[in-house]
Amino acid sequence: MRTDKRVVIISGGSRGLGQALVQDRLDAGDIVATFSRSSNSFIDQLRSADPEGARFHWEAIDGTDLDGVRTFGMNVLRRYKRIDALINNAGVGLEGLLTMTSERDIHLALTLNLESAIVLARTCLKGMLAERRGSIINISSVNALRGHKGLAVYSATKAALLGLTRSLASEVGPQGITVNAIAPGFFESEMVGHLTDAQRARIIRRTPMRAMCTTQDIVDTARFLLSTRAITGQTLAVDGGFSC
Ligand SMILES: NC(=O)c1ccc[n+]([C@@H]2O[C@H](COP(=O)([O-])OP(=O)(O)OC[C@H]3O[C@@H](n4cnc5c(N)ncnc54)[C@H](OP(=O)(O)O)[C@@H]3O)[C@@H](O)[C@H]2O)c1
């Protein structure tokens, strides 16, 4: 049955930024669909509070399985009959010198960070184009804007998302769909859990605002981008000025 509520897909919604985005959209009254490889207490609680999936839908999907990602998008469309917004958030932070990085890891990073985002956008657009309305937000990174030793492949995937954002925005703008990117600076999550205190201090020293950004900063930016039709094809760096 078709719902009156907004349906938002957020990839990688079990923890970190994805979890904060899921919670924000649920608090806003939207229906949220997300996937991750495994469940956790956050996902379990939402599912047990809503066993029929009236407001929350989760599937165990590995984002490097592109058929799985496509099927997930189609399942959401079949279930709720609409998709209003997509936030491509799932990502892996591949780190290491390029010469020391295996081709398998390179392939996995490209597939999750870039290809699955493209496949998910393509699938969601089927619903959005029919409605002539929608918003897509690609979560990129400050590493797409500035070079960092040891992050060549990760940076390449995140910079590619910016190209996707600009060209897709030109393509689907006439159909009422916005496409934007957020390029966050470093924020606390499992992805950066390996940073030492000295590395954190260095990042903060190099940040004009002298602080790492927070998931809330990025959630606020996503909420703003979802609320406006006037901004498309843009990248908002949410990084305390790190990329200046
Ligand atoms: N943290 C930072 O400083 C930072 C800075 C700039 C940009 N970003 C970007 O922000 C986004 C979120 O980062 P985060 O720090 O919140 O990451 P995180 O804490 O590592 O969380 C990643 C989320 O994605 C899911 N995920 C990871 N690999 C997956 C896969 N193969 N298939 C399906 N789901 C997968 C994880 O669940 P499972 O593990 O259960 O699959 C989890 O829900 C990423 O795109 C990242 O590149 C992060």
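Leaving aside neighbours within four places in sequence, Val192 is in contact (heavy atoms within 4.5 Å) with Phe186, Phe187 and Arg200. The model examined here is predicted, so local features are reported only at pLDDT of at least 70 and side-chain atom pairs only at pLDDT 80 or more, while totals for chains, interfaces and linings draw on all residues. Residues are numbered from 1 along each chain as its sequence is written, and side-chain values use heavy atoms, with hydrogens and water left out.

Val192 sits in the loop between strand S6 (177-184) and helix H6 (197-205); here helices (H or I, at least four residues) and strands (E, at least two) are DSSP runs numbered from the N terminus. With a relative accessibility of 10%, Val192 counts as buried, where buried means under 20% relative accessible area, exposed over 50% and partly exposed in between, using a 1.4 Å probe and protein chains only. Val192 and Arg133 are separated by 59 residues in sequence and by 35 Å in space, C-alpha to C-alpha.

Phe187 also appears among the contacts of Thr215, a residue of helix H7 (215-227). Outside the window of four places in sequence, Thr215 touches Gly16, Leu17, Ala20, Phe187 and Glu188. Thr215 is partly exposed, at 24% relative accessibility. In sequence Thr215 lies 204 residues from Ser11, yet the C-alpha atoms of the two are 15 Å apart.

Attention now turns to the ligand. It is surrounded by 30 residues, the closest being Ser14, Arg15, Gly63, Tyr154 and Ser189; a residue is included if one of its heavy atoms lies within 4 Å of the molecule. By class this shell has 12 nonpolar, 13 polar and five charged residues. In that count Ala, Val, Leu, Ile, Met, Phe, Trp, Tyr, Cys and Pro are nonpolar, Asp, Glu, Lys and Arg are charged, and the others, Gly among them, are polar. Helix H1 (16-27), strand S2 (31-36) and helix H5 (152-172) each supply at least two residues of the shell.

Three side chains can be followed to the ligand through polar atoms. A polar side-chain atom of Tyr154 lies 2.6 Å from an oxygen atom of the ligand, and an N or O atom in the side chain of Lys158 is 2.8 Å from a ligand oxygen. The side chain of Asp62 places an N or O atom 3.0 Å from a nitrogen atom of the ligand. Taken alone, the ligand exposes 890 Å², of which the protein buries 95%; accessible areas come from the Shrake-Rupley method with a 1.4 Å probe, and for residues only the protein chains shown count as cover.

An unreviewed UniProt entry carries the annotation "domain: Ketoreductase" over residues 6-185; its positions are given in the numbering used here, feature names are shortened, and annotations may be inferred rather than shown by experiment. Over residues 6-185 the chain is 48% helix and 19% strand, with the end C-alpha atoms 29 Å apart.

Asp84 lies in the loop between helix H3 (66-80) and strand S4 (85-88). It is buried, with a relative accessible area of 7%. The side chain of Asp84 makes a polar contact with the side chain of Arg133 at 3.4 Å; such a contact is a pair of N or O atoms within 3.5 Å, and within protein one must be able to donate a hydrogen and the other to accept it, with residues adjacent in sequence counted only if both atoms are side-chain atoms. The Asp84 side chain also reaches the backbone nitrogen of Val7, at 2.8 Å. Beyond four places in sequence, the contacts of Asp84 include Lys5, Arg6, Met128, Gly134 and Ser135.

Lys81 shares the loop between H3 and S4. Its phi is near 65°, a positive value in a residue other than glycine, and at 42% relative accessibility Lys81 is partly exposed. A positive phi, about 55°, is also found at Arg132, again not a glycine, in the loop between helix H4 (103-131) and S5.

Strand S5 (134-139) contains Asn138, which is buried at 1% relative accessible area. Among the residues touched by Asn138 are Asn88, Leu161, Leu164 and Thr165, as well as Val179, Asn180 and Ile182. By contrast, Ser48 of helix H2 (41-49) is exposed, with a relative accessible area of 58%. A polar atom of the Ser48 side chain lies 3.2 Å from the backbone oxygen of Gln45.
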